[in-house]
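Here is a report on one structure, for a reader who works with coordinates. Look it over first, then read on.

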Amino acid sequence: MDRRVIAAFVVLVPLLAAVPLLKLPAFYETFLYLVLHWIVLATSWNILSGYSGYFSFGHGAFFGVGIYTTAVLSGKLDWPFLSTLPVAALVAAVFGVGLGAIVFRLPRLRGELFGLLTLAITFVIGTIILNTPIDGGPGVYLSAVPVPAIGPTPSGSFYLIILALAALVLWVAYWIYTARLGSGLFAIHDDEDVAEVQGVPTYRYKLIAFGISCAFAGMAGGIHSVFVSYVTVGEVFNIVVPLNVVLMSVLGGSRHWFGPAVGATVITALLYAFTAGDFAVAGRAAIGFILIAVILFMPQGILGQLLRYWRKRAAPKPLPQPLPPPPIPRTGQSGELILSVEGVTKQFTGVRALSDVTLQVHRGEILGLVGPNGSGKSTMVNVITGLYKPEAGRVVFNGTDLIPLPSFQAAHAGIARTYQIPRPFASLTVLENATLAGMFGGRQLSRSQAERQAMHWLEFVGLAERAGALPTELNLHQRKFLELARALASAPQLVLLDEVLAGLTPSEINSAITLVREIRNRGSTVVFIEHNMRAVLELCERLIVLNYGQIIASGDPRKVIADPEVISAYLGTPHETGR
Amino acid sequence: MQMPSLELLGQSLLSGLFIGGLYGLLGLGLSLSWGMLRQINLAHFALAFLGAYLTYQLSEHFKLDPFLTMLIIVPGFFLIGMAMHWMFAKFKVTPFNSLLVTFGLAVIIESLIQWIWSADYRKLESPYSDIKFQVGKLFLPLPELMTLLIAIALSIATWALLRYTHLGKAMRAMSENPKMASAFGINEPMLALLLSGAASAFAGVAGACLALSFTLAPSQIYAWVGVVFSAVMIGGLGNPLGPLVAGIVIGLSEAATMAVTAPAWAPLVSFSLLIAVLLLRPGKV
C-alpha cells in the first residue's frame, strides 16, 4: 500500500467531516451528499465491473433492493434508520451473489451477455416489487422516519453518513486494487481462461467482487430512501443508476480505483447545473452524448489519460531486486509416476479430439508429445491443465484426480503451461505478467516475493530489460520467452510446453533448447510438444505420437520416428505401393 | 391456485401469441445486427418507440392511415441504420463498446421523444382500434392480428432472402468472416450498411405496430429490453426465424403464467427460460 494514499485518507476524511461545522446553507450539504452518493455507487460498481470487465447494467437493481429493504423495515416496521443499513447491504449482497452464482456458471458467459442479463433483472425485480405488498403501487412514504442527529442539521447528518460510506468504499476499492483479489480480477479482465489455468479462482473472485459491489450499492440505497423520503418503483428501477455509474466510471477511468470518483464528481456537477436550470431532459441527452464521445475518443478515461501522461514524464520506477527461488520441492523420487492420464475421451460437437488416451509422465523426464496438426495435442494440454473437462477418464497428478476439482486447482497442484500463440495479459507489464504467475501458482507467493522471483526468471530468459514494457511492445520471440518465464515463475513440478519453438529462427531455437534443458535440471518435469524433430530428438528421452486423438506409438524417440505408422501419419501413405 | 375457465384461458393464450409476435418483430432486427454484424444495438428499442411516436403523430395530426405511415418510416429508418453502421465502422467499435455507444444513443433518442411528446402517456385512436373478428368464443383484434402477420411475413422473407438469393449468401459469408469475404470479392462495407439499414427499418415497422395496440410513454422503452433480448438469445443469434418462434414461446408461457398465478410473476418467465436455455444449450448463444 502506498503511504501517500494512506496519508490522503487520514488528512482528507476528518477535514471533510468538519464541513457541517461551517453551518453552510443546506443547499451545499445536499449537493455534497449527492456527489458522495454517486461516488459510492460508481466506485462500488467498479469493483466488479471495472476491475474484471464484467459490465453490470443492473446496479440499479441492487441499489433498489437496498432502498426497499430500508423502506419496508423503517417505513412499515418502524426499525431505527441506521439499524436497517447493514440489512439493506446484506439483502442486496445476497441477491447479487445469488444471481452471480447462476450466471457466472454459464459456460462462455460473455461480457455483453452479462450486461443484458443484469439489465433484465432490474425490471424483473422492479415488477415484482410493484405487484406485491412490498410496494403495491402507490410508493412508500418515509418522511416520518426519524433521522439520527449525527450532524447539527438533518442535511448535515445525511452528509456525514454518506461521507463515512464513501470513505469506506474508496478504502475497500483501493485495498482490492492492491491485493491478490484485485490482481486476479485484472487478469480475468484480460483473459479469463488463462487466468484460471494460472491458478486464479475466477468463479470465486467474481462472486466475491459482485457481493462487495452489491452490498455497497444496497447500503447507498438504504441511506438514499430516507434521504428522498418517498420511493416509487418507477423512480428506482430504471436506467438512471446503471447509465450514470457506467458513464462515471468510464469517464473517470475504470481501471483505477479512484477513476469512478473523479467521473462521479464531474458528472454530478454537470447534472446539477442542468437541473438547476430546468433542463433535466437536455441533461440526460448530454450524458448520452458524453458517453458516446468518451467511448470513441477517450477509452482510458480522464484519470487513465492523466496517469499515462505523468508516467511518461516521471522517472521509471526502480525494478525489484531479483531473488533466486528456492529449489522445487521433491515430493517424490526421480523416475516415479508424476502424472497419469487414464482413458481420457474428449469430444467436441461431432469431433472426437481424444479417444480413450492413456499415458504416463515420470518425474524428472522430458517427454515428447508429437503428432500432425489436429491430432489432439493441444486438447491434451487443455485437459491436463483443467480447462477442458473430458467426458471420460481420469487425470491423476501426484496421486490426486484433478478432473472433479475446479480448473484452477491444477495450477495450485504444480502444473504450468505455455501457449503456442502467446497469450500474455495485454494490459499488464512483462514483470506483472510473470509476478501474477508466481502469486497464483504452486507456491502462492506474496506480491513482493513473487515480484523478486519474477525478476529472476525474466533474467533467466533474457527479458529483464523489458520488465516495464507491455506485451504488445515485444516481438514474437520475446513473447514466447515471456510465456516460458510465466510458466517458470509458478514454480511448477510439471511444465507443458506447447510448440514453444514454432516461428523462431534457427539461432533462437538453439537458445530455447538450452533453456528447456535448464528448466528440467532445475527440478521440473517437462512435456515437450513440438513439430521440430531436431529439437525433439535432442531433448526428449521418450516420445509419444498422437494421431486422430489416439496414441499410435510411444517409446525411444529414434525408434518411434522410424515407425512406418508414424511416418504415414505425418507424410501420408504412398500413392503407389511397392515403390 | 385456481384454474380459470376454458374461454378465459384460450383468450389469454391468444393474447400471448399476439404479444409473442411483437417480441419476434422487435427481435428480428436485433438478432440480425447482433448475429451478423456483431453489434448489440440497445438503441433498437428507442428507434422502435421513435417509429411508434411518428406513426402516432402522422395518423393523429395528418390523418394518414397508420399502415401507410410505414411508407415514410421504413426508408427514413433505413437511412438512420446506415448512418449508425457508418459510425461503428469508422471508429471500429468492438461488440462490447457497441452496447455502450447504443446505450448512449438510446438515451439521446429517449430524451428527444420526451422533449417533443412529453413524458405523458399517448394512445393512438386509429380506425382499426375497435375492429375485432370472432372465432367461436374467441376474439381476434385486428391490430394485434396484423402485427403477428407482419412479423411472420418479414421473418420468413428475411430467412428466404438470406438462404436462397446471391445477396443473402454473400451476407452470410460476410457475417462468418468479413475479411475472407472481402478477399473473395464481396463488397463487405456495402452489405453491412444494407444489413444495418434493414435492421433499423424493422425497428420502424415494429414501432408502427406498437403504436396500433399499445399506450406509449418514453419510460416504456427499457421495459421491453429484457424480454426481447431473451427471445433473440433463445432463438439463436442471426437466425431470422429464431426471435419469432422464441417470442411466441415466451408470450404463450407468460400468458399461461399470468392466467394461473399472479401477473407479478410474468416478467420472471422470459428470464428463467433464458437462463434454462443458456444452461442446457451452452455455446449456442
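Which residues form a nonpolar patch on the surface? They are Met1(A), Ile6(A), Val10(A), Val11(A), Leu12(A), Leu15(A), Leu16(A) and Trp175(A). Together they have about 760 Å² of accessible area. Helix H1 of chain A, residues 3-17, gives the most to this patch, with six residues. Ile6(A) lies in that helix. Ile6(A) counts as partly exposed because its relative accessibility is 34%. The model is predicted, and every value here is computed from it.

**Chain A as a whole**

The secondary structure of chain A comes to 23 helices and twelve strands. Along the principal axes, its C-alpha atoms fill a box of roughly 95 × 55 × 45 Å. Chain A has 579 residues, and 56% of them count as buried. Its accessible surface comes to about 24000 Å². Carbon and sulfur atoms hold 62% of that surface. Consider contacts in chain A between residues at least 6 apart in sequence: 75% of these join residues at least 24 apart.

**The interface with chain B**

The size of an interface is often given as the accessible area lost when the parts come together. Between chain A and chain B, the buried area is about 3500 Å². Carbon and sulfur atoms give 86% of it. In chain A, the residues that lose the most area to chain B are Glu112(A), Leu116(A) and Leu296(A). Together they make up 16% of what that side buries. The contact takes 34 residues from chain A and 39 residues from chain B.

How many salt bridges are counted between chain A and chain B? The count is one salt bridge. Glu110(B) forms a salt bridge with Arg284(A), and the closest N and O atoms are 3.2 Å apart. Three residue pairs are in polar contact across the interface, with both residues at pLDDT 80 or more. On the side of chain A that touches chain B, four helices each supply at least two residues: H4 (81-103), H5 (111-131), H11 (240-252) and H13 (280-297). The largest share of that side comes from H5(A), with 13 residues.

**Salt bridges within chain A**

Side chains of opposite charge can pair when their charged atoms come close. Over all chains, the count comes to 13 salt bridges. Three within chain A are listed here.

| Pair | N to O distance | Relative accessible area |
|---|---|---|
| Arg417(A) and Asp498(A) | 3.5 Å | Arg417(A) 9%, Asp498(A) 2% |
| Arg522(A) and Glu518(A) | 3.1 Å | Arg522(A) 33%, Glu518(A) 30% |
| Arg534(A) and Glu538(A) | 3.2 Å | Arg534(A) 40%, Glu538(A) 40% |

Take the pair of Arg417(A) and Asp498(A). It links distant parts of the chain, 81 residues apart. Arg417(A) sits in strand E8 of chain A, residues 415-417, and Asp498(A) in strand E9, residues 494-498. Arg417(A) is buried, because its relative accessible area is 9%. Asp498(A) is buried too, at 2%.

Arg522(A) is partly exposed at 33%. Its partner Glu518(A) counts as partly exposed at 30%.

Why are Arg534(A) and Glu538(A) separated by about one helical turn? They are four residues apart in helix H21 of chain A, residues 533-539. Arg534(A) counts as partly exposed, and so does Glu538(A).

**Strand E11**

Strand E11 of chain A, residues 542-547, contains Leu546(A). Asn547(A) has its place in strand E11 as well. Is Leu546(A) buried or exposed? Leu546(A) is buried, because its relative accessible area is 1%. Asn547(A) counts as buried at 15% relative accessibility, since the cut-off for buried is under 20%.

Not counting residues up to four places away in sequence, Leu546(A) touches Val357(A), Leu369(A), Val370(A), Gly371(A), Pro372(A), Ser375(A), Gly376(A), Lys377(A) and Ile551(A). With neighbours within four places left aside, Asn547(A) is in contact with Pro372(A), Ser375(A), Ile552(A) and Ala569(A). Pro372(A) and Ser375(A) thus appear in both sets.

Leu546(A) and Pro201(A) are 345 residues apart along the chain. Their C-alpha atoms are separated by 31 Å.

How values were computed. Residues are numbered from 1 along each chain as its sequence is written. Chains are lettered from A and ligands numbered from 1 in the order in which they are written. This is a predicted model: local features need pLDDT of at least 70, side-chain atom pairs count only at pLDDT 80 or more; totals for chains, interfaces and linings use all residues. Side-chain values use heavy atoms; hydrogens and water are left out. Patches are made of residues with over 30% relative accessible area and no salt bridge: like charges are joined within 9 Å, nonpolar side chains (Val, Leu, Ile, Met, Phe, Trp, Tyr) within 5 Å. Accessible areas come from the Shrake-Rupley method with a 1.4 Å probe; for residues, only the protein chains shown count as cover. A salt bridge is a side-chain nitrogen of Lys or Arg within 4 Å of a carboxyl oxygen of Asp or Glu. Buried means under 20% relative accessible area, exposed over 50%, partly exposed in between (1.4 Å probe, protein chains only). Contact means heavy atoms within 4.5 Å. Buried area is the accessible area (1.4 Å probe) that two parts lose on being put together, summed over both. A polar contact is a pair of N or O atoms within 3.5 Å; within protein, one must be able to donate a hydrogen and the other to accept it, and residues adjacent in sequence count only if both atoms are side-chain atoms.
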